[in-house]
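Dear colleague,

I am passing on the structure that follows, with some notes on the ligand and on the aromatic side chains. Please read the notes with the model open beside them.

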Amino acid sequence: MRYRIEVHADTHTRLKTMADDVRNGLSTRPRSLPPKYFYDATGSRLFDEITRLPEYYLTRVEEALLDRLAPDLMRTLTPTDMVELGSGFSVKTRRLLAARGGTPLRYTPVDVDETSVTDSAARLLDEDAGLEVHAVVGDFERHLMHVPAAGGRRLVLFLGSTIGNLDPPGRLALLTQVRGLLRRGDRLLLGVDLVKERATLEAAYNDAAGVTAAFNRNVLRVVNQALGADFRPEAFSHRAFYNAPEARIEMHLVSERRQTVRIPSIGLRIQLEPAETIWTESSYKFTRASATGMLAGAGLRLEAWHTDREQRFALAVAAPRTRAAAAPSPRAA
Ligand code: AVJ
């Protein structure tokens with residue numbers, strides 16, 4: 001049996017979680033919606049389009065880095081167990097798997113979208129006789145405890161700058177859980193976008209073709225469909241800017257006029273003033289120093305740092321800190 005799947009996010013629970021998130025986000029100020037709700041079928045298609053935009057360098061640069069790194073990484077690490085958070089269609093994973101040279105490996109994709117997990121698992125299993133897939137359908141912030149115990153040396157993948165969506169407490173919590181999945185000799189491969197010139201960052205989130213604007217507005221359609229809200233997406237404009245002190249791109253939807261939005265299923269009715277915004281996403285940017293600090297906070301040690309020549313994006317390799325490697329405590333002799 002080469003394929004197992006566990007589903008930890010049934011439709012009922014997901015809808016309940018979404019109702020809570022939307023109620024909390026829209027009834028407090030600044031109003032906000034969590035970025036994980038961008039990705040319905042339309043949103044995933046729009047994001048896929050974003051990854052091919054000339055201004056959106058992140059995906060292209062990360063894929064080139066992976067191609068460069070994969071042979072060495074897979075040869076020196078020789079993982080037999082791979083866990084991927086937010087695996088999507090496992091496009092990047094395929095590059096790593098192909099570089100391992102046929103050794104048996106168990107792959108555990110963790111993603112909220114059952115269809116993308118099932119479809120990509122089928123394709124991977126078909127292409128790769130040495131592969132076993134144990135998929136976990138769920139939210140990587142809530143369901144990591146369902147990742148099965150490692151069968152051997154483990155590599156955890158968290159790619160695509162997805163970690164950039166999490167604020168400092170959120171990423172500390174997540175990385176601490178990831179640390180718990182690792183034992184001596186195991187590694188985390190983390191993709192982060194880097195702090196750079198404002199113009200480059202802002203262009204990546206304000207593309208000329210308007211795809212990012214459509215992606216941003218789509219979250220309102222998602223809430224309309226799932227919760228019966230009556231948002232009019234065309235009554236909002238897209239705004240994305242770099243907040244340098246916080247080292248993050250912020251995406252907002254700006255209400256173009258005074259308007260009332262009703263969400264009867266959760267008993268919510270809100271009035272938006274002209275120019276009032278709904279904060280839909282943060283996309284944090286890192287330096288080597290800030291990434292080192294973030295990893296250290298979760299008990300992880302930055303072992304290697306790979307960037308493109310222009311220092312746009314980085315792949316960080318992190319190892320679990322062992323007791324022996326930690327700073328001596330006052331009680332240690
Ligand atoms: C998928 C979270 C990495 O932050 O760049 C792309 C999402 N938002 N354009 C990012 C996104 C607007 C993307 N991540």
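A residue is taken to be near a molecule when one of its heavy atoms lies within 4 Å of it. Please bear in mind throughout that this is a predicted model.

With that cut-off, there are 14 residues around the ligand, of which Tyr 56, Gly 160, Tyr 205, Glu 281 and Ser 283 come nearest. In terms of residue type, the shell divides into eight nonpolar residues, five polar ones and one that is charged.

Turning to the polar atoms, the side chain of Tyr 56 places an N or O atom 2.5 Å from an oxygen atom of the ligand, and for Tyr 205 a polar side-chain atom likewise lies 2.5 Å from a ligand oxygen atom. On the nitrogen side, an N or O atom in the side chain of Glu 281 is 2.6 Å from a nitrogen atom of the ligand. The ligand on its own has 350 Å² of accessible area, and the protein covers 97% of this. Two or more residues of the shell are given by each of the elements α2 (41-50), α8 (211-227) and β12 (277-284).

The aromatic side chains deserve a separate paragraph. Rings are paired here if their centres lie within 6.5 Å, and a pair counts as edge-to-face if the planes are over 60 degrees apart; by this rule the count comes to nine aromatic pairs. One of them joins Phe 38 and Tyr 39, whose rings are 6.2 Å apart from centre to centre with 90° between the planes, an edge-to-face arrangement. Phe 38 counts as buried because its relative accessibility is 0%, whereas Tyr 39, with a relative accessible area of 35%, is partly exposed. Phe 47 and Tyr 56 also form a pair, and because their planes stand at 85°, with the ring centres 6.3 Å apart, this pair is edge-to-face. Within it, Phe 47 is partly exposed at a relative accessible area of 28%, while Tyr 56 counts as buried at 7% relative accessibility.

How do these residues fit together? Phe 38, Tyr 39, Phe 47, Tyr 56, Tyr 205 and Phe 215 form one aromatic cluster, and this cluster therefore includes Tyr 56 and Tyr 205, two residues that are among those nearest the ligand.

Finally, there is a charge over a ring to look at: Arg 171 lies over the face of Tyr 284, at 4.7 Å from the ring centre.

With best wishes

Definitions and conventions. Residues are numbered from 1 along each chain as its sequence is written. This is a predicted model: local features need pLDDT of at least 70, side-chain atom pairs count only at pLDDT 80 or more; totals for chains, interfaces and linings use all residues. Side-chain values use heavy atoms; hydrogens and water are left out. A polar contact is a pair of N or O atoms within 3.5 Å; within protein, one must be able to donate a hydrogen and the other to accept it, and residues adjacent in sequence count only if both atoms are side-chain atoms. Accessible areas come from the Shrake-Rupley method with a 1.4 Å probe; for residues, only the protein chains shown count as cover. Helices (H or I, at least four residues) and strands (E, at least two) are DSSP runs, numbered from the N terminus. Ala, Val, Leu, Ile, Met, Phe, Trp, Tyr, Cys and Pro count as nonpolar, Asp, Glu, Lys and Arg as charged, and the others, Gly among them, as polar. Rings of Phe, Tyr and Trp (its six-membered ring) pair if their centres lie within 6.5 Å; planes under 30 degrees apart count as stacked, over 60 as edge-to-face and the rest as tilted. Buried means under 20% relative accessible area, exposed over 50%, partly exposed in between (1.4 Å probe, protein chains only). A charge sits over a ring if NZ of Lys or CZ of Arg is within 6 Å of the ring centre and within 35 degrees of the ring normal.
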